[in-house]
Every structure is written in structure tokens, then in C-alpha cells.
Amino acid sequence: MKKSIGFVLMDSSLTTWLLEKLTNDPPVSDCVDDLRDGVVNMLSGEVNSLLLSRTEDTKLPYLKQADEIQIGELEIYPKSRRVISAGKEVSLTPKEFDILYFLAQNRGEVFTKEQIYRAVWSDDYLLDDSNIMAFIRKLRKKIEPDPDAPKYILTIWGIGYKMNDQL
């Protein structure tokens, strides 16, 4: 379900920066003056919060949904914890999803098995490389077109794994 309201704290330095940006380098928009006035009211203490609402024309077609990561034919939806590979939904265990999402968020960065373990389990490393290797093997069977020649989760021999950033 889509969130209808988000809350972001803004300290005075961020509010001042936003006001300077809106004053000195405003975007082309009919709404700039209203936003600038709202920021001025926040800085003066007249109001302590602003409620922002998106108009229908502000959805930019070239931006992906914030809750979707797409890598080639692999689509990851973190909020619903869904994964689609080549148009078909893939059933992952919670830890398989967490590993995939971690690697996808850090596409192109190489991680050791220990780093992956610490990121996903948030525990001390148990010196068991075979645990991570088993999860990677299961993930590849589920998301890769050819698990024996993976194109998404790449092995960096002698180091660990990374999510392909060339797709």
C-alpha cells in the first residue's frame, strides 16, 4: 500500500539552504513561490511544519519508483519483498531476499562473505563461508537464466560477490 504522507525533519541549516536554492536557482514551476513562502514561514517561526502535496503533472516518466530496483530483467520491490525475474515472480526466503536486496542496493561493490553475513544477519560472523555460498547458490537457481553462468550475482574469486552493475 502506498504511503500518503511522509515526515522529514529539517533543521535550520537545511531550511536555509533550501530557501537560498529556491531564491537563487529556482526550478521552472508554478509552485516555487508557494514553497519559498512556506520555507520563509518556517524560518521565521510562523509555522513549524509544511505539508507538501504532489500535483498530477510532477510524476517524471524517466524516474523509477523509489521502491523498485531494476537490473536487467530482474525487478526487486523492497516494500512488498517481491522479486520478478524475466516477467515471472520468484519466491524467496526472507534471508535470500535480504541478501539479494543488499547486493542490489550496492550494485558493483564487491563484498566478502563475512561482510554479507554481517549486513544481513547483523550478528557476529560465525566463520562459516559455506552458509553464504549456499544462499548465493540457491538465489542463483531462482533468479539467474543460467545459474552456471550467472549474470546478476557475480563471484569475485578470492574475495566474494557483487551484483553486476553492467546490466
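Lys142 and Glu96 join their side chains in a salt bridge, with N and O 2.7 Å apart. The pair links distant parts of the chain: Lys142 sits in helix 5 and Glu96 in helix 3 (residues 94–105), 46 residues apart. The model is predicted. The protein has five helices and seven strands.

**The Lys142–Glu96 pair**

- The two partners differ in cover: Lys142 is partly exposed, at 34% relative accessibility, whereas Glu96 is buried, at 2%.
- Why does Glu96 count as buried? Its relative accessible area is 2%, and buried means under 20%.
- Lys142 falls in the class between the two cut-offs, because 34% is neither under 20% nor over 50%.
- Side chains of opposite charge can pair when their charged atoms come close.

**Other salt bridges**

- How many salt bridges are there? The count comes to six.
- One of them joins Asp33 to Arg36, and the closest N and O atoms are 2.4 Å apart.
- Asp33 and Arg36 both belong to helix 2 (residues 32–44). They are three residues apart, about one turn of the helix.
- Asp33 is partly exposed, with a relative accessible area of 43%.
- Another salt bridge is formed by the side chains of Arg118 and Glu114, at 2.8 Å from N to O.
- What separates Arg118 from Glu114 along helix 4 (residues 113–121)? They are four residues apart, so about one helical turn lies between them.
- Both ends of this pair are partly exposed: Arg118 has a relative accessible area of 40%, and Glu114 has 32%.

**Overall build**

- From the N terminus on, the elements run α-α-β-β-β-β-α-β-α-α-β-β.
- The protein has 167 residues, and buried residues make up 29% of them.
- Leu139 is one buried residue, with a relative accessible area of 0%. Leu139 is placed in helix 5.
- How far apart in space are Leu139 and Thr93? The distance is 9.4 Å, C-alpha to C-alpha, while the two are 46 residues apart in sequence.

**The second largest pocket**

- The second largest pocket has a volume of about 280 Å³.
- It is lined by 15 residues, and the closest to its centre are Met133, Arg140, Thr155, Trp157 and Tyr161.
- Which elements give two or more residues to this lining? They are helix 5 (129–143), strand 6 (153–156) and strand 7 (160–163).
- Helix 5 gives the most to the lining, with five residues.
- By type, the lining of the second largest pocket divides into seven nonpolar, three polar and five charged residues.
- Rolling a probe the size of a water molecule over the atoms shows where empty space is left.

**A nonpolar patch on the surface**

- Val8, Met10, Leu14 and Trp17 make a nonpolar surface patch of about 390 Å².
- Leu14, one of these residues, lies in helix 1 (residues 12–24).
- Is Leu14 buried or partly exposed? Leu14 is partly exposed, with a relative accessible area of 36%.
- Leu14 passes the exposure cut-off for a patch, because its 36% is over the required 30%.

**Two loop residues with positive phi**

- Arg81 has a positive phi of about 55°, although it is not a glycine.
- Where is Arg81 found? Arg81 is in the loop between strand 2 (74–77) and strand 3 (82–85).
- Arg81 is partly exposed, with a relative accessible area of 42%.
- Ala86 also has a positive phi, near 55°, and is likewise a residue other than glycine.
- Ala86 is found in the loop between strand 3 and strand 4 (88–90).
- Ala86 counts as partly exposed, because its relative accessibility is 48% and exposed means over 50%.

Definitions and conventions
Residues are numbered from 1 along each chain as its sequence is written. This is a predicted model: local features need pLDDT of at least 70, side-chain atom pairs count only at pLDDT 80 or more; totals for chains, interfaces and linings use all residues. Side-chain values use heavy atoms; hydrogens and water are left out. Buried means under 20% relative accessible area, exposed over 50%, partly exposed in between (1.4 Å probe, protein chains only). On a 1 Å grid over the protein atoms alone, a cavity is a set of points where a 1.4 Å probe fits but cannot get out, and a pocket is an open set with protein on both sides within 12 Å along at least five of seven lines; lining residues have an atom within 4 Å of a point. Grid points are joined across faces, edges and corners, and a volume is the space filled by probe spheres set on the points. Ala, Val, Leu, Ile, Met, Phe, Trp, Tyr, Cys and Pro count as nonpolar, Asp, Glu, Lys and Arg as charged, and the others, Gly among them, as polar. Patches are made of residues with over 30% relative accessible area and no salt bridge: like charges are joined within 9 Å, nonpolar side chains (Val, Leu, Ile, Met, Phe, Trp, Tyr) within 5 Å. Accessible areas come from the Shrake-Rupley method with a 1.4 Å probe; for residues, only the protein chains shown count as cover. A salt bridge is a side-chain nitrogen of Lys or Arg within 4 Å of a carboxyl oxygen of Asp or Glu.
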